[in-house]
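This report looks at a ligand site and the space around it. Read it alongside the coordinates.

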Amino acid sequence: MRDSIKEVHLHRLQMELKHPFETSFGTIQEKEFFIIEVVDQNGRKGYGESVAFTTPWYTEETVETTKYMLEQFLIPLMFRREWQHPKELVDVFGAVQKNNMAKAALEGAVWDLYAKKEQKPLSDILGGKRKRIEVGVSIGIQPSLEKLIQIIKKNVSAGYKRVKLKVKPGWDVEMLKEVRKAFPILPIMVDANSAYTLEDIELIKQFDQFNLMMIEQPLRQDDLVDHAILQKEIRTPICLDEGITSFTDAKAAIELGSCQVINVKIGRVGGITEAIRIHDLCQKHNIAVWCGGMLEAGIGRAHNIALASLPQFTLPGDISASTRYWETDIIEPEITMDQGYIDVSDGEGIGYDLKWDVLDTYRIETVSFSNTYKNPIRQFHKK
Ligand code: OSB
Ligand code: MG
């Protein structure tokens, strides 16, 4: 039977992180995002979470562009179409260029709804095989080395098996020397969020001495060629994050030798369907993938766990427990980590429920749309 979405509710939330998260592109202290609720003709519900930040420092999208694209285009396009499988949304949203995070948020809600309708865990629907996933923790730039080492200690004793350290010029080689001294065999990787250029090549070569699992996105977001040049000069595997926004990017990066590892984020690549296409391509080419994070609250995290249960996710993801960033998460049960692993839920859909009383304490507004809602832009003739 063909389904259609009857209502969409955009719940806009603002949540304070426990600690500021500093990267080479800026510091995040407060997370603002949408919980997207979709309702079908039988009253069944599905949930998604948007991941764009309030500023376009990481990628070009923001909370406001997400809202604009959803309201003006993506929601009305979805209302106009009946569907049998969430994979069809790629076509529906294909009318809109880019705006991957906005698309992924709405698509994610429909995936959850579909899995619930099939009465299966989302992980099963996606082809996931793992019953638990290995996870690591991403640690921001700290005010001092002492503080950093103390935080690493805390996370290692909590059970995280690998740590990712944010780096930037001035917080790199010396920092890594000290960290390696304190943790000689800990699996460590670094993430530069595009803070370097090929002019820094001699400096980046020094990273090789620290036996890192990988260096994530050292160079410009869109420069696959420079990453390929760099990869030939260093031993440490390059992992791309910002540089991979689609299957096409992944194909080019593999062909050019721009990376040996890919960080897959559902939002950055425009949804679960595209994330699985990239996963399958990497499987074919023997490229390791792992699931990245965007400081998500529980709904986004739950989607990431389901995705990370797929077979080619062979490296620990940036998927930590609810308590890593939040005093109180918006879902129940909360996501917990045990000895470096998170269990994949066997509940229906994403397997976690919203705690509405908690959500209320973070809610700024809710905007609702019913399927009688038409695109407000008049000259909208795209088929
Ligand atoms: O580059 O992976 C990144 C957080 C915000 C923006 C970009 C990144 C990150 C992280 C943290 O590294 C991932 C997480 O724990 O959610
Ligand atoms: Mg990254």
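## Polar contacts to the ligand

In this predicted model, Lys166 reaches ligand 1 through its side chain. A polar atom there lies 3.0 Å from an oxygen atom of ligand 1. Asp191 also uses its side chain, with a polar atom 2.9 Å from a ligand oxygen. Leu295 works through its backbone instead: a polar atom of that backbone is 2.8 Å from an oxygen atom of ligand 1.

How much of the accessible area of ligand 1 does the protein cover? Taken on its own, ligand 1 has 390 Å² of accessible area, and the protein covers 100% of it.

## The shell

Around ligand 1 there are 18 residues. Those that come nearest are Ser138, Asp191, Asn193, Leu295 and Tyr325. Asp191 and Leu295 thus appear in this nearest set, and each has a polar contact listed above.

By residue type, the shell divides into seven nonpolar, three polar and eight charged. Two domains contribute to the shell. Domain 1 (2-120 + 354-380) supplies at least three residues, and domain 2 (124-350) also supplies at least three.

## The cavities

Rolling a probe the size of a water molecule over the atoms shows where empty space is left. The structure holds three cavities of 30 Å³ or more. The largest has about 220 Å³ of space. Lining this largest cavity are 23 residues. Closest to its centre are Phe21, Lys166, Lys265, Gly293 and Leu295.

Which molecule takes up the space of the largest cavity? That space is taken by ligand 1. Two of the contact residues return here: Lys166 and Leu295 are among the residues closest to the cavity centre.

Methods:
Residues numbered from 1 in each chain as written. Chains lettered and ligands numbered in written order. Predicted model: local features only at pLDDT ≥ 70, side-chain atom pairs only at ≥ 80, totals over all residues. Heavy atoms only, no water. Near = heavy atom within 4 Å. Polar contact = N/O pair within 3.5 Å; in protein donor to acceptor, adjacent residues only side chain to side chain. Areas by Shrake-Rupley, 256 points an atom, 1.4 Å probe, with all protein chains shown as cover. 1 Å grid on protein atoms, 1.4 Å probe; cavity = no way out; pocket = protein on both sides within 12 Å on 5 of 7 lines; lining within 4 Å. Sits in = over half its atoms within 2 Å of the grid points. Nonpolar A, V, L, I, M, F, W, Y, C, P; charged D, E, K, R; others polar. Domains from an automatic or database assignment. Points joined across faces, edges and corners; volume = space filled by probe spheres on them.
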